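This report is meant for a reader who is meeting this structure for the first time. Please look over the sequence and the model shown here, and then follow the text from one group of residues to the next.

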Amino acid sequence: MATEKLDLLILKTLDLAPLHGYGIGQRIEQVSGGVFRVTLGSLYPALQRLERAGFIEAEWRTSDNNRRARYYQITRTGRRRLAVEQKDWERVSSAVARVLKAT
């Protein structure tokens, strides 16, 4: 999965609720109907990249199964970035759809 797409999916997922890394991957897979399966090898570098950019922040908490986990949440800057990326994605996907439907 392309870096930009993964970042967009992570930001959108965290816009709904703070989650730990494994939960983010599970939520993306669940909401996409299994179309997107995020490997931990791509998820955690993306989370680090988004955190360094100031789009998300993290803190240690106790998970539902009583384990320590790093929970991520979107920042105000991340929400602004999500809005821009979402608008761009809608523009690009609409253009691709028009090209594919051309006769």
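At 59% relative accessibility, Arg37 counts as exposed, because the cut-off for that class is over 50%. The model in which Arg37 is seen is a predicted one, and the values given below are computed from it. Arg37 forms a salt bridge with Glu29, and the closest N and O atoms of this pair are 3.1 Å apart. Glu29, for its part, is partly exposed, with a relative accessible area of 26%.

**The chain as a whole**

The protein chain holds four helices and three strands, and when read from the N terminus these elements follow the order α-β-α-α-β-β-α. Along its principal axes, the C-alpha trace of the chain spans about 55 × 30 × 20 Å. Of the 103 residues in the chain, 28% are buried.

**Salt bridges**

Side chains of opposite charge can pair when their charged atoms come close. How many salt bridges does a search of the whole structure find? The search finds seven, and the pair of Arg37 and Glu29, with its 3.1 Å between the closest N and O atoms, is one of them. Another joins the side chains of Asp15 and Arg79, at 2.9 Å from N to O. This pair links distant parts of the chain, since Asp15 belongs to helix α1 and Arg79 to helix α4, and the two residues are 64 residues apart. A further salt bridge is formed by Arg70 with Glu51, whose closest N and O atoms are 3.0 Å apart. Here too the pair links distant parts of the chain, with Arg70 in strand β3 and Glu51 in helix α3, 19 residues apart.

The table sets out the accessibility of residues that take part in these pairs.

| Residue | Relative accessible area | Class |
|---|---|---|
| Asp15 | 27% | partly exposed |
| Arg79 | 42% | partly exposed |
| Arg37 | 59% | exposed |
| Glu29 | 26% | partly exposed |
| Arg70 | 29% | partly exposed |
| Glu51 | 25% | partly exposed |

Glu51 counts as partly exposed because its 25% lies between the limits of 20% for buried and 50% for exposed residues.

**The largest pocket**

The largest pocket of the model has a volume of about 190 Å³. Its lining is made by Lys5, Leu8, Leu9, Lys12, Phe36, Leu82, Gln86 and Trp89. Two elements, α1 (3–16) and α4 (76–101), each give two or more residues to this lining. Which of the elements gives the most to the lining of the largest pocket? That element is α1, with four residues. When the lining residues are sorted by class, five are nonpolar, one is polar and two are charged.

**A nonpolar patch on the surface**

Tyr22, Leu40 and Tyr44 together make a nonpolar surface patch of about 310 Å². Within this group, Leu40 has its place in helix α3, which covers residues 40–52. Leu40 is partly exposed, with a relative accessible area of 48%, and it can therefore be counted in a patch, for which over 30% relative accessible area is needed.

**The loop between β2 and β3**

Most residues other than glycine have a negative phi. Asn66, by contrast, has a phi near 65°, a positive value in a residue other than glycine. Asn66 is found in the loop between β2 (56–62) and β3 (68–74). Is Asn66 buried or exposed? Asn66 is exposed, with a relative accessible area of 66%.

**Two residues of helix α4**

Helix α4 also holds Val96, which counts as partly exposed at 43% relative accessibility. The C-alpha atoms of Val96 and Arg52 are separated by 32 Å, while the two residues are 44 residues apart along the chain. Arg98 likewise has its place in helix α4, and Arg98 is exposed, with a relative accessible area of 55%. Between the C-alpha atoms of Arg98 and Val38, which are 60 residues apart along the chain, the separation is 29 Å.

Methods
Residues are numbered from 1 along each chain as its sequence is written. This is a predicted model: local features need pLDDT of at least 70, side-chain atom pairs count only at pLDDT 80 or more; totals for chains, interfaces and linings use all residues. Side-chain values use heavy atoms; hydrogens and water are left out. On a 1 Å grid over the protein atoms alone, a cavity is a set of points where a 1.4 Å probe fits but cannot get out, and a pocket is an open set with protein on both sides within 12 Å along at least five of seven lines; lining residues have an atom within 4 Å of a point. Grid points are joined across faces, edges and corners, and a volume is the space filled by probe spheres set on the points. Ala, Val, Leu, Ile, Met, Phe, Trp, Tyr, Cys and Pro count as nonpolar, Asp, Glu, Lys and Arg as charged, and the others, Gly among them, as polar. Patches are made of residues with over 30% relative accessible area and no salt bridge: like charges are joined within 9 Å, nonpolar side chains (Val, Leu, Ile, Met, Phe, Trp, Tyr) within 5 Å. Accessible areas come from the Shrake-Rupley method with a 1.4 Å probe; for residues, only the protein chains shown count as cover. A salt bridge is a side-chain nitrogen of Lys or Arg within 4 Å of a carboxyl oxygen of Asp or Glu. Buried means under 20% relative accessible area, exposed over 50%, partly exposed in between (1.4 Å probe, protein chains only).
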